[in-house]
Amino acid sequence: MSRTALRICPLCEATCGLVLTVDDGKVTGARGDRDDVFSKGFVCPKGAAFPEVDSDPDRLRTPLVRVDGELREATWEEAFDAVAAGLRGVVERYGPHAVGVVLGNPNVHTMAGALYPPLLIGGLGTHSLFTASTVDQMPKHVSSGLLFGDANLIPVPDLDRTGHLLLIGANPLESNGSLCTAPDFPGRLKALKARGGTLTVVDPRRTRTARLADRHLAVRPGTDALLLAAIARTLFDEDLVDLGDAAPHIQGVAELSDALADFTPEAVADACDVDAAVIRTLARELAAAPTAAVYARIGSCTVPHGTLASWLVDVLNALTGNLDRPGGALFPLAATDRTPRPAGPGRGFALGRWHSRVGRHPEAKGELPLSALAEEIDTPTEEGAPVRAVVAVGANPVLSAPDGDRLDRALASLDFMVSVDPYLNETSRHAHVVLPPPPPAQSPHHDFAFNTLAVRNQVRYTRPAVPLEPGRMAETEILARLVLAATGMHGADPSAVDDLVIQQTLGKAVSAPHSPVHGRDPKELAGLLTGDNGPERRLDMMLRLGPYGEGFGADPDGLTLEKLLAHPHGIDLGPLRPRLPRPLKTRSGKVELLPGPIAADLPRLRAALRERPDGLVLVGRRHLRSNNSWLHNVPALTGGSNRCTLHLHPDDAARLGVGDGQPVRVTGAGGEVTVPAEVTDAVRRGVVSLPHGWGHDRPGTRTRHASVNPGVNVNQLLDGSLLDPLSGNAVLNGVPVEVSPERPDEPEMLTALT
């Protein structure tokens, strides 16, 4: 029997609505939901491949427990017994910080990943938290924390109303957007141009996005902060600074002008390889545009000055009057955000509240650099115990972190490891227990994180499209039981985790003077919650207490879970609106344009004015049919142009004696890989590009399709020593490498063109 079901796509940040075709309990088709209030029918190849992702035969169906050195199928009871014994044993012997928690990118794409890991970390009491953020967007969190007092308060470009977009280090025609949730990002950029707007792209590669631009600047990799500083300097020099309506809420303009005095267009031109006159033109166009936004992403984050570049993006938005202005860069307001508090000073944002044991890296947003995970495991010191146990949730750091070979060895030395993962992959193969979540069609979906980054305020929720198969366990229950097992409450009913959160949240709400439920009985409020299970009751609570909520009766027209379920295609909450100063949490209650840690890091940027690479430098690249290392086991999403090849410019290829398709050896500080060359003028001279997420050639994995054409791990070229000091983010772009043709008498290449 055939039917349809709605599902929000969990395969990238665009969060498109899907209509799934279900035949006899199996998803057999997927198309865009034309009635979805946000995506309006848009779907990319990943969403269209949802049925193949959902039914991948290599997905684990039952838990695995290591017995006598081998992973064997086990019952859920046996698996959680092993987790409780393994983790509590490490905590009792070495203390809580000896348990490392590693969270991968997939967590942000699931309800379970949003609701339970904070409880796991808090319950363990560990400072050893490592996530994918420090190989991705942590610089933006740190800059936002320093500017606005809240690391999660990230302004996004108002794509649908802006008239001028300066886009740096981002390729949304391939990535579908990042830290800017926007279904049909390509269509929105085309609409910008159709209404007479301007698109400028700054990228060392001529990407699909760059080909759409009115102007493409092939900047030297890693110099984004210098370029942005020179644009800001020009605004000051030419008296183009105008803070607009946000002026009463911004401080530090004069101090900022002094701090950027050395970064004139002429001073940065050689380092950036961008003409000074062009830099001045960029500044003038930004200032003259009726509405404009500066937006930068991973190419500007994963560089030595990632936090400074992220900071300068919002500095430019502020100096041109486009911060918190329609058509500029605004702060979204998600339906599950906390009840808005009155404007005023907050606690601010602090860095370095603790440090890593070996490299003494400061924490940022409660996290230590993922690049430091291996040394925290394999290096003894006099200060504290090494990490002896790891809880990995949706994480594959052997491929995503620098020097995967070292981390591979380190993970093999652990006393205990538990991995929540649907696959036996390069990381989970080391686990003593593997807990497999069900396929996405069997899970509910609400985007807690991405709605805080969406270009339009809206709210959507989809229940599971198909019921759990026999023997499966809901991902929410898996993580709730993991919390119990890790915190000495093994065997308790997993609903106790949700009940405790509800009790604590409502207890705080009734005591907050600005809350709509101030002074009420939390037990009475808990009794009003609806939902089929604990996660739904928590969602209902967050909706009721949120900025659009009914406040448990305070606003009968407000949001509840029941109202959301009555709108299966979602509820549109309107365009982004100015919000300052209310969301600011700085100690001053204002946007602090020149925070102390930023000012202290500027001398390092001044030194970069004199730096010139004398060889090839490496940058990454993304593909529309990939999401990090997730999807290479899905045949529909591999092959064609989605291949692991080294892009290099024809002039560099000729100089090196490399032909198209020839195997080349790429050597970096962390090791070397051999990969086919793809000669193309899409990269500028002096730059080579290798995609992220490949390297599926290690023994003991069970991803059969991925292993046929495994590719190579670009992060093996890195030794993990290069970090942005403010955020701890790994430097993945603009790193020096050597490239040479592999001779016929040398070892066979590690991968091949298909």
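## A walk through the packing, starting from alanine 431

Alanine 431 is buried, with a relative accessible area of 0%. Keep in mind that this is a predicted model. The residue lies in the loop that links β16 (416–420) to β17 (433–435). Leaving aside residues up to four places away in sequence, alanine 431 touches Arg66, Leu71, Met417, Val418 and Ser419. What separates the C-alpha atoms of alanine 431 and valine 65? The gap is 8.2 Å, for two residues that sit 366 residues apart along the chain.

### Two open sheets

Let's start with the sheet at the beginning of the chain. Here three strands line up as β1-β2-β3 in an open sheet, and the pairing is antiparallel. The edges belong to β1 (2–8) and β3 (26–32); each has a single partner strand, so one side of each is left without a neighbour in the sheet. From one strand to the next, the twist averages 30°. β1 is joined to strand β2 (residues 17–23) by seven bridges, and within that pairing leucine 6 has valine 19 in β2 as its bridge partner.

The other sheet is built with parallel pairing: four strands in the order β11-β10-β9-β13, again open. Which strands stand at its edges? They are β11 (215–217) and β13 (293–296), and since each has a single partner strand, one side of each is left without a neighbour in the sheet. In this sheet the twist averages 15° from one strand to the next.

Two of the pairings can be followed down to individual residues. Strand β10 (residues 198–202) runs parallel to β11, with three bridges between them, and threonine 200 has arginine 215 of β11 as its bridge partner. β9 and β13 are also parallel, this time over four bridges, with leucine 166 opposite valine 294 in β13.

β13 deserves a second look. Are its faces covered or bare? Both are covered: Ala293 and Tyr295 point to one side, Val294 and Ala296 to the other, and all of them are buried. So although β13 has a single partner strand in the sheet, both of its faces are covered.

### Helices against the sheet and each other

Helix α10 (residues 224–237) packs on the four-stranded sheet, where α10 touches β9 (164–168), β10 and β13. The direction of α10 makes about 150° with that of β9.

α10 also has a helix partner, and that partner has one of its own. Here are three helix pairs side by side:

| Helix pair | Axis separation | Angle |
|---|---|---|
| α10 and α12 (265–272) | within 9 Å | roughly 160° |
| α12 and α13 (276–288) | 8 Å | about 115° |
| α6 (138–148) and α15 (306–319) | within 8 Å | roughly 50° |

Take α10 and α12 to begin with. Their angle makes them roughly antiparallel to each other, and α10 passes α12 in a left-handed crossing. On the α10 side the contact involves Leu226, Leu227, Ala230 and Thr234, while α12 brings Pro265, Val268, Ala271 and Cys272. Sorted by class, that gives seven nonpolar residues, one polar and no charged.

Moving on, α12 and α13 are roughly perpendicular to each other, and α12 passes α13 in a right-handed crossing. Pro265, Glu266, Val268 and Ala269 of α12 meet Ala276, Ile279 and Arg280 of α13. This contact divides into five nonpolar, no polar and two charged residues. Notice that Pro265 and Val268 turn up here as well as in the contact with α10.

The last pair is α6 and α15. Why is α6 called oblique to α15? The axes cross at roughly 50°, and that makes α6 oblique to α15. α6 passes α15 in a right-handed crossing. From α6 come Pro139, Lys140, Val142, Ser143, Leu147 and Phe148, and from α15 Gly306, Thr307, Ser310, Trp311, Val313 and Asp314. By class, the contact of α6 with α15 holds six nonpolar, four polar and two charged residues.

Definitions and conventions. Residues are numbered from 1 along each chain as its sequence is written. This is a predicted model: local features need pLDDT of at least 70, side-chain atom pairs count only at pLDDT 80 or more; totals for chains, interfaces and linings use all residues. Side-chain values use heavy atoms; hydrogens and water are left out. Axes are lines fitted to C-alpha atoms, for helices over the stretch in contact, and angles run from 0 to 180 degrees between N-to-C directions. Angles under 35 degrees count as roughly parallel, over 145 as roughly antiparallel, 65 to 115 as roughly perpendicular and the rest as oblique. A crossing is left-handed if the near helix is turned anticlockwise from the far one by less than a right angle, and right-handed if clockwise. Contact means heavy atoms within 4.5 Å. Ala, Val, Leu, Ile, Met, Phe, Trp, Tyr, Cys and Pro count as nonpolar, Asp, Glu, Lys and Arg as charged, and the others, Gly among them, as polar. Two strands pair if DSSP finds at least two bridges between them. Buried means under 20% relative accessible area, exposed over 50%, partly exposed in between (1.4 Å probe, protein chains only).
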